[in-house]
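Grab a coffee and open the viewer: here are some exercises to work through with the structure in front of you. Try each one yourself before reading the solution.

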Amino acid sequence: MKTGFLDKLIARVGRVDPEEIQSSLGRLVREMGFLEKVFEALQEGVIVTDAGGTINYINRAACNFFGVEAESTVDHGIAGLIRGLDWQALTSAGEVVTRDLEIFYPENRFLQFYLAPMEDELAMGEQASRLGYVMIFHDITATRRQTERKIESEKLTSLTLLAAGVAHEIGNPLNSLNIHLQLIERKLRKRAPKVLASDVGELLQVARGEIARLDAIVTRFLHAVRPTRPRLEPTDVNRIIRDSMRFFDKELASRGIRVRLELHSHLPALLLDAGEIKQAFYNIIKNAMEAMPAEGELSVCSDLDDAEVTITFSDTGEGISAESMGRVFEPYYTTKPTGSGLGLLIVRRILREHGGEIEIQSRRSGGTRLVVHLPLEQRQIRFLPPETAAGAKAAPAPAEASS
């Protein structure tokens with residue numbers, strides 16, 4: 001920066017007392033070191049650029065946000081760090097600019113950044129010039145997720161009200177139609193058995209079958225959105241996993257799908273509604289089977305930490321496209337010809353009623369990894385050993401493996 005304080009000091013070095021130079025430089029070094037420590041301690045990301053967008057400084061938080069090292073980023077253009085950033089458009093106004101940004105590497109985050117110009121206030125009578133820009137990044141992922149969950153909750157509330165109306169407006173007429181069709185069938189059986197044995201009887205069966213199908217759709221919809229109170233009892237999660245896999249043994253074998261279980265051998269009993277959790281696992285396993293071609297592999301792993309038990313279902317199927325990932329929990333949204341679009345919605349409802357959550361990671365042609373999070377009954381406090389507290393990885397927990 002040619003108009004900076006140091007350049008002006010160097011230009012006048014012959015007219016400045018050496019002791020004053022040494023004192024000024026010492027003070028600058030101390031101030032710069034202090035400010036750098038402050039910037040490194042911040043949780044907000046800080047990037048300083050010159051007027052053209054070349055990075056002069058990036059702090060640790062910003063490096064963590066974008067998955068880069070400071071040494072490989074300084075002296076490079078900001079556009080190489082933030083793809084798609086229109087630097088000219090951002091800086092053309094010459095004032096503070098605020099934008100929201102979504103990044104996907106090294107992890108999916110939502111960031112809000114402020115871009116502020118820095119003017120040279122030491123121009124000594126000359127017209128102030130632009131030194132560069134400072135960008136401050138704030139992680140708003142948690143706030144964004146909370147807002148999304150609030151919107152989802154409001155949607156589910158609306159669906160619950162709609163479900164009550166559907167049950168009243170459609171359920172009762174369907175039952176009435178079914179009863180009247182049964183009465184017609186009985187009268188035909190008594191008075192005109194030949195007519196019942198003809199196409200008329202077949203048409204009656206088709207009509208009753210369609211009524212039963214509509215009734216099942218209404219029932220599934222109600223079960224998906226209606227809040228329930230689980231019957232919590234101490235439950236062995238590994239036993240539920242084994243029972244769920246055993247239920248699909250024959251279907252898995254007929255499809256040629258290999259099963260790999262890696263279950264933590266010392267999981268504590270959790271307060272769960274075994275029937276509800278089993279239903280959630282059924283839906284997850286069924287989705288995984290239908291996503292895989294023949295000779296695929298389904299892996300189920302259970303693990304434990306201080307806060308929760310995790311159950312991970314991994315398949316080698318086609319995966320979920322980026323377009324579909326944002327809609328997997330929408331009611332009736334499905335990519336399968338015979339799917340109802342309620343499976344994952346039911347799974348998430350069940351898990352949230354248990355204080356848990358569901359996480360999905362997938363990419364097209366790369367399989368799907370679904371993680372179930374279930375909180376422990378009691379979260380105990382323990383002191384971390386020095387090496388763990390410093391960031392070292394703890395030793396893996398013992399596992400019970402089978403296939």
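**Exercise 1. Through how many residues does a hairpin join β3 to β4?**

Before starting, keep in mind that this is a predicted model.

Step 1: Follow the chain out of β3 and into β4. The hairpin takes five residues to get there.

Step 2: Check how the two strands sit together. β3 and β4 are antiparallel, with seven bridges between them. One pair to click on is valine 97, which faces leucine 115 in β4.

Step 3: Look inside the loop between β3 and β4, where you'll find proline 106. The peptide bond between tyrosine 105 and proline 106 is cis, with omega at about 5 degrees.

**Exercise 2. Work out which strands pair with β5 (residues 130-139), and in which sense.**

Step 1: Start with β4, residues 109-119. Nine bridges link strand β4 to β5, and the pairing is antiparallel.

Step 2: Pick out some facing residues. Proline 117 is opposite tyrosine 133 in β5, and methionine 118 is opposite glycine 132 in β5.

Step 3: Now turn to β1, residues 45-50. Strand β1 also runs antiparallel to β5, and six bridges join them. Glycine 45 has phenylalanine 137 of β5 as its bridge partner.

Step 4: Put it together. β5 pairs with β4 through nine bridges and with β1 through six.

**Exercise 3. Find the residues that make a nonpolar surface patch of about 260 Å², and place valine 96 in the chain.**

Step 1: Select Val96, Tyr114 and Ile136; these make up the patch.

Step 2: Locate valine 96. It's in the loop between α6 (87-91) and β3 (97-103).

Step 3: Ask how open valine 96 is. Its relative accessible area is 54%, so it counts as exposed.

**Exercise 4. Which residues form a positive surface patch, and is arginine 186 buried or partly exposed?**

Step 1: The patch consists of Arg186, Lys187, Lys190 and Arg191.

Step 2: Arginine 186 belongs to helix α7, which covers residues 141-191.

Step 3: With a relative accessible area of 49%, arginine 186 is partly exposed.

Step 4: Have a look at arginine 189 too, another residue in α7. At 46% relative accessibility, arginine 189 is also classed as partly exposed. From its C-alpha to that of glycine 201 is 9.5 Å in space, while the two are 12 residues apart in sequence.

**Exercise 5. Trace what the salt bridge between glutamate 40 and arginine 60 ties together.**

Step 1: Set the scene. The structure contains 16 salt bridges. Opposite charges on side chains can pair when the charged atoms come close.

Step 2: Check the distance. In the pair of glutamate 40 and arginine 60, the closest N and O atoms are 3.7 Å apart.

Step 3: Place both ends. Glutamate 40 sits in helix α2 (residues 18-41) and arginine 60 in helix α3 (residues 60-66), so the pair ties together parts 20 residues apart in sequence.

Step 4: Judge the cover on arginine 60. Its relative accessibility is 47%, so it counts as partly exposed.

**Exercise 6. How many of the 11 residues in helix α14 (residues 343-353) are buried, and what does arginine 349 pair with?**

Step 1: Nine of the 11 are buried, so call the helix mostly covered. Among them are Leu344, Ile346, Arg348 and Arg349.

Step 2: Arginine 349 makes a salt bridge to glutamate 276, with 3.9 Å between the closest N and O atoms. This connects distant parts of the chain, since arginine 349 is in α14 and glutamate 276 is in helix α12 (residues 274-291), 73 residues apart.

Step 3: Both partners, arginine 349 and glutamate 276, are buried.

Step 4: Compare arginine 352, which is partly exposed at 26% relative accessibility. Arginine 352 forms a salt bridge with glutamate 357, at 3.1 Å from N to O.

Step 5: Finish just past the helix. Glycine 355 follows α14 and has a positive phi, near 80 degrees.

Notes
Residues are numbered from 1 along each chain as its sequence is written. This is a predicted model: local features need pLDDT of at least 70, side-chain atom pairs count only at pLDDT 80 or more; totals for chains, interfaces and linings use all residues. Side-chain values use heavy atoms; hydrogens and water are left out. Two strands pair if DSSP finds at least two bridges between them. Helices (H or I, at least four residues) and strands (E, at least two) are DSSP runs, numbered from the N terminus. Patches are made of residues with over 30% relative accessible area and no salt bridge: like charges are joined within 9 Å, nonpolar side chains (Val, Leu, Ile, Met, Phe, Trp, Tyr) within 5 Å. Accessible areas come from the Shrake-Rupley method with a 1.4 Å probe; for residues, only the protein chains shown count as cover. A salt bridge is a side-chain nitrogen of Lys or Arg within 4 Å of a carboxyl oxygen of Asp or Glu. Lys and Arg count as positive and Asp and Glu as negative; His and the chain ends are not counted. The place of a charge is taken as NZ of Lys, CZ of Arg, CG of Asp or CD of Glu. Buried means under 20% relative accessible area, exposed over 50%, partly exposed in between (1.4 Å probe, protein chains only).
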